[in-house]
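Hello,

Here is the structure we talked about passing along. Please have a look at it first, and then read on for what turned up.

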Amino acid sequence: MADEGNKVVDALRETGFFKPKKMYDGGKVIVGIIILFALVAFPFLYNVGKAAKAPEPEIDTPAIKKLSKAERVCVEPRPYMKVNHMKLLTDWRDQVVRQAKRDYVGFTKKTYTMSLQNTCLECHSNYDNFCNRCHTYSGITPHCWTCHVNKPKEWAAGKLKEEK
Amino acid sequence: MTDIDRREFLKIAGVSTVVGLLGGWKAVELLAPGELEAKYFPKPEALTAKRWAMVVDTRKMDGETAKKCIEVCHRIHNVPDIGDPKREIKWIWLEPFENAFPGQLQEYLAEPLKENPFIVLCNHCDNPPCVRVCPTKATWKREDGIVMMDQHRCIGCRFCMAACPFGSRSFNWGDPRPFIKKRNPEYPTREKGVVEKCNFCAERLAKGLMPGCVEASDGALVFGDLAASESEVRKVLGQHFTIKRKPYLGTNPQVYYRV
């Protein structure tokens with residue numbers, strides 16, 4: 001193996017492969033490479049140590065505060081909801097629209113009406129400080145709110161600013 | 001082939017039985033309704049039927065009552081009032097006799113029929129052409145006959161609007177929200193680019209309530225199960241002559257008009 005390697009190196013040497021070549025416009029090229037590196041690295045270097053804090057959705061709405069400590073649970077355990085609420089909502093949608101099933105038995109065996117606008121938002125009436133906190137942080141724009149009203153009470157009373 | 005004696009045969013048979021039983025038990029476990037399926041239920045108070053249908057008693061349906069029915073329906077479902085007839089959204093509305101019943105128009109039509117407009121809505125046809133053409137199954141016929149729409153799946157192609165011979169479907173050319181005057185916070189709105197129509201108040205039936213227009217009509221609209229011989233719709237249909245819109249098209253509408 002070593003002999004064969006040497007043979008290749010020798011062959012390359014004969015062709016002049018290892019002879020130093022002149023780099024045209026070397027200075028400019030190297031400066032260019034350094035500038036490129038600086039530009040690419042700038043956002044990373046600039047933001048070192050400034051990581052955005054993980055969002056903390058608020059769960060202290062009046063409707064939730066009214067509940068006793070034991071009752072203060074969602075339809076499924078909190079860790080499950082954190083990860084899977086979007087899947088749960090999709091299942092709810094299909095069951096309600098397609099199967100005409102509107103009741104959901106939660107993990108505490110309590111029965112809930114499957115409705116984003118009427119059930120979820122009843123407790124989580126703070127759209128900006130609950131839904132939006134994580135969605136903004138993770139750059140997600142759910143399509144729910146083009147039809148479902150995120151602040152039903154304010155909307156019904158005509159108090160929303162975004163109304164045209 | 002090796003010969004097996006009686007003793008070996010019994011051993012193999014015994015082991016096979018145990019394995020088979022275990023497998024069968026596992027199969028039963030796998031096929032049994034899962035945890036998720038057992039979590040969804042229709043509401044106990046929900047109204048159910050084999051075939052929902054409506055009878056419009058045009059003798060009782062005067063202009064005032066019709067206005068009330070339309071107002072209630074459009075308020076419940078957040079139907080926008082856009083004003084421009086080219087962009088209008090309607091679930092239930094009024095048509096003169098010649099438009100509602102073309103082909104059944106006579107030269108000497110009874111005066112009340114000629115003068116009074118007719119209340120019309122989605123006919124929830126037994127053979128709905130809108131369902132046949134929908135490329136995404138956003139609209140489909142439920143087992144109880146209601147022609148439902150899934151706004152989540154509508155792509156706004158408007159094939160259904162072209163297919164419906166009754167003009168029962170409307171298209172949202174723009175965001176309807178600014179045009180919703182009376183708002184119901186319990187029902188969603190629609191968005192730009194989807195088709196909408198009457199849903200026979202499926203969301204109210206699921207809660208055990210009659211459709212909004214029926215409640216507002218003071219008996220001029222009768223709603224019930226066609227398959228139940230003692231239901232009110234069947235009584236009205238059995239006692240009076242009724243007509244349907246454009247029966248010659250074969251869509252088999254399930255909204256009947258007593259004239």
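**What turned up in the model**

In strand 9 of chain B, G224(B) is the residue that stands opposite A53(B). Please keep in mind that this is a predicted model. The pair belongs to an antiparallel match, in which strand 2 of chain B is joined to strand 9 of chain B by five bridges. Strand 2 of chain B also pairs with strand 11 of chain B, this time in parallel and through four bridges. There, M54(B) has V255(B) opposite. Strands in a sheet pair through hydrogen bonds of the backbone, in either a parallel or an antiparallel way.

How much of strand 2 of chain B is buried? The strand is mostly covered, with five of its six residues buried.

That leads to the core. The largest nonpolar core has 55 residues, and those touching the most other members are M54(B), V56(B), C69(B), I92(B), I119(B) and L221(B). Several elements of chain B supply at least two residues each, including strand 2 (52-57), helix 2 (63-76), strand 4 (118-121), strand 9 (221-225) and strand 11 (255-258). Another core lies apart from it; this one has six residues, among them C74(A), W92(A), Y104(A) and M114(A). In soluble globular proteins, nonpolar side chains tend to be buried together.

If you would like one residue to click on, try I119(B). Setting aside neighbours within four places in sequence, I119(B) is in contact with V56(B), M61(B), A66(B), C69(B), I92(B) and L94(B).

Now to where the chains meet. Chain A brings 23 residues to the contact and chain B brings 18. On the chain B side, these are eight nonpolar, three polar and seven charged residues.

The two chains also share a sheet. Which strands form it, and in what order? Three strands make an open, antiparallel sheet in the order 2(A)-1(A)-1(B). Its edges are strand 2 (111-113) of chain A and strand 1 (40-41) of chain B, each of which pairs on one side only. Across the chains, strand 1 (residues 103-105) of chain A pairs with strand 1 of chain B over two bridges, in the antiparallel sense. D103(A) has F41(B) as its bridge partner, while Y104(A) stands opposite Y40(B). Y104(A) is also one of the members of the six-residue core.

Finally, chain A is divided into domain 1 (2-46) and domain 2 (62-156). The C-alpha centres of these two domains lie 58 Å apart.

Best wishes

Notes:
Residues are numbered from 1 along each chain as its sequence is written. Chains are lettered from A and ligands numbered from 1 in the order in which they are written. This is a predicted model: local features need pLDDT of at least 70, side-chain atom pairs count only at pLDDT 80 or more; totals for chains, interfaces and linings use all residues. Two strands pair if DSSP finds at least two bridges between them. Two residues are in contact if their C-beta atoms, placed from the backbone, lie within 7 Å. Ala, Val, Leu, Ile, Met, Phe, Trp, Tyr, Cys and Pro count as nonpolar, Asp, Glu, Lys and Arg as charged, and the others, Gly among them, as polar. Domain bounds come from an automatic or database domain assignment. A nonpolar core is a set of buried Ala, Val, Leu, Ile, Met, Phe, Trp, Tyr and Cys residues joined through C-beta atoms within 7 Å. A residue is buried if 20 or more other C-beta atoms lie within 10 Å of its own, exposed if 12 or fewer, and partly exposed in between; C-beta atoms are placed from the backbone.
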